[in-house]
Amino acid sequence: MASFVDFVTRSRVWRSFFRHGLPDNPLDRSLVMTTNLFFHLHPVKVNLKSLRATYSLGLGIITTVLFLTLALTGILLMFYYVPSVERAYVDIVELQTGVPFGQMLRNLHRWGAHLMVLAAVLHMARVFYTGAYKPPREFNWVVGVVLLILTLGASFTGYLLPWDQLSFWAITVGTSIAAYEPVMGSTVKRILLGGPEVGQEALTRFYALHIMVIPALLFLLISLHIWRVRKDGGLAANEQ
């Protein structure tokens with residue numbers, strides 16, 4: 001039996017998948033991490049405290065998974081939705097009542113968006129209260145703040161798309177509040193609405209921001225955020 005195990009572990013097929021034996025020294029442990037497709041996303045060395053599930057609560061991972069879920073459900077919703085003031089509300093009603101699993105699909109997207117905002121806020125709070133924003137992670141903290149703003153922007157722009165009374169007046173109030181900003185407020189409102197009030201131009205612009213601009217920025221910055229986590233020494237745990 002021992003000779004068979006030795007034959008298998010020395011075969012070229014086995015070694016093509018498992019290039020190192022049991023890592024029992026620092027060099028082999030480093031090679032295992034750097035040569036593995038999945039492990040190489042993690043740094044070679046991490047703070048032991050960061051490995052505890054109760055330390056980070058996996059909030060960053062949860063936020064990323066929710067983003068991917070929203071991207072998938074959003075693509076499926078695009079099959080049934082037309083960003084037109086004549087079609088938008090009708091399409092949503094048809095999706096919920098006439099499309100198999102349409103109600104579930106929309107609820108997955110809507111509740112996923114709410115949960116992503118909550119998870120991102122809790123993630124930022126956890127990073128702040130554990131001091132993980134301090135050097136060398138201050139750049140990644142700024143990236144995280146931008147990601148939180150984009151997450152709120154994605155939620156805000158998606159709010160108008162059902163084109164019902166709630167979304168119409170919510171965006172009307174939201175853009176009116178933004179207009180009170182003394183420097184760029186009126187310009188921002190005009191850019192968002194494309195006119196004096198919420199109408200077809202606003203729906204088109206919110207749709208473009210919601211399905212293309214903001215998700216693309218989120219994807220790029222989440223990739224940068226994860227890369228910086230690796231470069232800065234692993235999950236956000238200070239060295240104290």
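Asp91 is a good place to start in this predicted model: with a relative accessible area of 8%, Asp91 is buried, because anything under 20% falls in that class. Its partner is Arg87, and the side chains of Asp91 and Arg87 meet in a salt bridge, with 3.4 Å from N to O. Arg87 has a relative accessibility of 41% and therefore counts as partly exposed, since that class lies between the 20% and 50% limits. The pair thus joins a buried Asp91 to a partly exposed Arg87.

How many salt bridges does the structure hold? There are two. Besides Arg87 with Asp91, you will find one between the side chains of Arg228 and Asp232, where the distance from N to O is 2.6 Å. Here Arg228 and Asp232 are both buried.

Now let us turn to His109, which sits in helix α7, a helix that runs over residues 102-129. Is His109 buried or exposed? His109 has a relative accessible area of 18% and so is buried, because the value is under the 20% cut-off. If you look around this side chain, you can pick out a polar atom that lies 3.5 Å from the backbone nitrogen of Gly74. Gly74 is also one of the residues that His109 touches, once those up to four places away in sequence are left aside. The others in that list are Leu70, Thr73, Leu77 and His210.

Notes: Residues numbered from 1 in each chain as written. Predicted model: local features only at pLDDT ≥ 70, side-chain atom pairs only at ≥ 80, totals over all residues. Heavy atoms only, no water. Helix = DSSP H or I, 4+ residues; strand = E, 2+ residues; numbered from the N terminus. Buried < 20%, exposed > 50% of the residue type's maximum accessible area, 1.4 Å probe, protein only. Polar contact = N/O pair within 3.5 Å; in protein donor to acceptor, adjacent residues only side chain to side chain. Contact = heavy atoms within 4.5 Å. Salt bridge = Lys/Arg side-chain N within 4 Å of Asp/Glu carboxyl O.
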